[in-house]
Amino acid sequence: MEASAWSDLLEALLPQIDPEVVSVAAMEPLLPHGGQERTVAVLQGAARHGVPAGFVTNGVYARDFFTARADLPPIDFMDVSVDGPPEIDARVRGPGHFALVDDLFRSNVWRVAVNRVYASCVLTRWNSEPRLLSTFLEWMKRTLEEPRLVLLLLYPNEHVDRSMFLNDEDLLRTIDLLVRESRHFAEILLECFPSSVPGLAKLVEQGVLPGDDELLRDDAGMLYGHVEDNLFVRYANLADFELFHLRITPEGDAIPPENLERADYLTGSYGSIQGDGWQKVRQTILERSQARMQRQFHSACGTCPCATLCRSENYRCPLIREQSVKLAIL
Ligand code: SF4
């Protein structure tokens, strides 16, 4: 959709859903030749309705964006993707990307418009190696006055090189390091998808990660718990994503959370927000969400303290794998 269509969509939608936050994410929101105009239209639309808004960027065009645009409303957050220290970031995002982000963070270009800046990093087996992760954290402390870090625990799927998959030891070591470092950070958020680590159940049971009875819902509806004062974990299961997050595609469709990774992301769309109307789309979301909620938990999950946060979505979990093997033998 063009920028004006985004303005119209938000003008009609925001008063009906009254969201906590609007975020422009996925693909690159600051691409020149149209992308920046659309992002500004969304930020301005949110500002007109008093909704905090920001974007997730790779940082490549951020300098141009801030220097060229005189029409920016206050931006609540800018989340810059960087995948670890230079040697790892170069493998994932290409040579020169780390230096570009370093230059952006140190510059003043974003400071007049942006309230909070985050570095967001997908935590993998590669960059969770202690020396590399320590180097990365040291860089953040040196570079930002108020360092804020989002660590997205890798969501393992068929698009990801298996050598990057996190295991339990990688996460244990990482949490140990983050606990020691968290007082130097304004905020560290771990975003954990149920299948990010195979031993999620064990880590919850051991108290390394907060379990069901220690969790709260954040303003965006997602379950979270504290590991330390400035260090918290947010659990991202599909059922919560479906019910509390609305994902709008470049075409103006609302889509289910599992479609985000797919090339055919419009297949199974809830509908077009403007074409079908929000009330019809909302009804479809509620019906599908109800059907998802009614699905039985795996019997191995029983009364595990991870049941609500995971909802049997951890396909790497040894508990459900063992039971499947036993049933296959029987
Ligand atoms: S699959 Fe079941 S036991 Fe394993 S982490 Fe999820 S809820 Fe817990």
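Two residues count as in contact if their C-beta atoms, placed from the backbone, lie within 7 Å. The exercises below use this cut-off on a predicted model.

**Exercise 1. Find what packs against helix α7.**

Task: Work out which residues of α7 are buried, and which elements cover them.

Solution.
- Step 1. Locate the helix. Helix α7 spans residues 168-181, which is 14 residues.
- Step 2. Check its span. From first C-alpha to last, α7 reaches 20 Å, close to the 20 Å expected at 1.5 Å a residue.
- Step 3. Pick out the buried residues. In α7 these are Asp170, Leu171, Thr174, Leu178 and Glu181.
- Step 4. Look down the axis. The buried residues of α7 fall within an arc of 90°, so they line one face of the helix.
- Step 5. Turn to the other side. There, Glu169, Asp176 and Arg180 of α7 are exposed.
- Step 6. Apply the contact cut-off. The cover over the buried residues of α7 includes the strands β4 (114-123), β5 (148-153), β6 (187-192) and β9 (231-235). Helix α6 (130-143) is also included in that cover.

**Exercise 2. Do the same for helix α5.**

Task: Identify the buried residues of α5 and the elements that cover them.

Solution.
- Step 1. List the buried residues. Phe98, Val101, Leu104 and Phe105 are buried in α5.
- Step 2. View α5 end on. Its buried residues fall within an arc of 125°, so they line one face of the helix.
- Step 3. Find the face turned away from the buried side. On α5 that face carries the exposed residues Ala99 and Arg106.
- Step 4. Name the cover. Over the buried residues of α5 it includes α3 (62-68), β3 (75-81), α4 (86-93) and α6.

**Exercise 3. Describe the shell around the ligand.**

Task: Say which residues come nearest to the ligand, and what kinds of residue form the shell.

Solution.
- Step 1. Start with the nearest. Of the 15 residues around the ligand, these are Cys301, Cys306, Cys310, Asn314 and Cys317.
- Step 2. Trace the elements. Those that give two or more residues to the shell are α8 (200-205), α11 (307-310) and α12 (318-329).
- Step 3. Sort by kind. The shell around the ligand has twelve nonpolar residues, three polar and no charged.

**Exercise 4. Explain two unusual backbone angles.**

Task: Place Asp18 and Arg311 in the chain, and decide whether each is buried or exposed.

Solution.
- Step 1. Recall the usual case. Most residues other than glycine have a negative phi.
- Step 2. Read the angles. Asp18 has a positive phi of about 45° although it is not a glycine. Arg311 is not a glycine either, yet its phi is positive, about 55°.
- Step 3. Place them. Asp18 sits in the loop between α1 (3-17) and β1 (22-24). Arg311 sits in the loop between α11 and α12.
- Step 4. Count neighbours. Asp18 has 10 other C-beta atoms within 10 Å, so it is exposed. Arg311 has 20 C-beta neighbours inside 10 Å, so it counts as buried.

**Exercise 5. Compare three single positions.**

Task: Give the setting of Leu9, Val109 and Ala70.

Solution.
- Step 1. Take Leu9, in helix α1. With 20 C-beta neighbours inside 10 Å, Leu9 counts as buried. Beyond its neighbours within four places in sequence, Leu9 is in contact with Gly252, Ile273 and Gln274.
- Step 2. Take Val109, in the loop between α5 and β4. It has 15 C-beta neighbours inside 10 Å, so Val109 counts as partly exposed. Residues up to four places away aside, Val109 touches Arg63, Phe66 and Thr67.
- Step 3. Take Ala70, in the loop between α3 and β3. With 5 C-beta neighbours inside 10 Å, Ala70 counts as exposed. The C-alpha atoms of Ala70 and Arg321 are 55 Å apart, with their positions 251 residues apart along the chain.

**Exercise 6. Step back to the whole chain.**

Task: Summarise the make-up and overall dimensions of the protein chain.

Solution.
- Step 1. Count the elements. The protein chain has twelve helices and twelve strands.
- Step 2. Test compactness. The radius of gyration is 20 Å, close to the 20 Å that the globule rule gives for 330 residues, so the chain is as compact as a globular protein of that length.
- Step 3. Box the chain. Its C-alpha atoms fill roughly 65 × 50 × 35 Å along the principal axes.
- Step 4. Gauge burial. Buried residues make up 35% of the 330 residues.

Note on methods: Residues are numbered from 1 along each chain as its sequence is written. This is a predicted model: local features need pLDDT of at least 70, side-chain atom pairs count only at pLDDT 80 or more; totals for chains, interfaces and linings use all residues. A residue is near a molecule or strand if its C-beta atom, placed from the backbone, lies within 6 Å of it. Helices (H or I, at least four residues) and strands (E, at least two) are DSSP runs, numbered from the N terminus. Ala, Val, Leu, Ile, Met, Phe, Trp, Tyr, Cys and Pro count as nonpolar, Asp, Glu, Lys and Arg as charged, and the others, Gly among them, as polar. The expected span of a helix is 1.5 Å times one less than its number of residues. A residue is buried if 20 or more other C-beta atoms lie within 10 Å of its own, exposed if 12 or fewer, and partly exposed in between; C-beta atoms are placed from the backbone. The arc is that of the directions from the helix axis to the C-beta atoms. The radius of gyration is taken over C-alpha atoms; the globule rule is 2.2 Å times the number of residues to the power 0.38.
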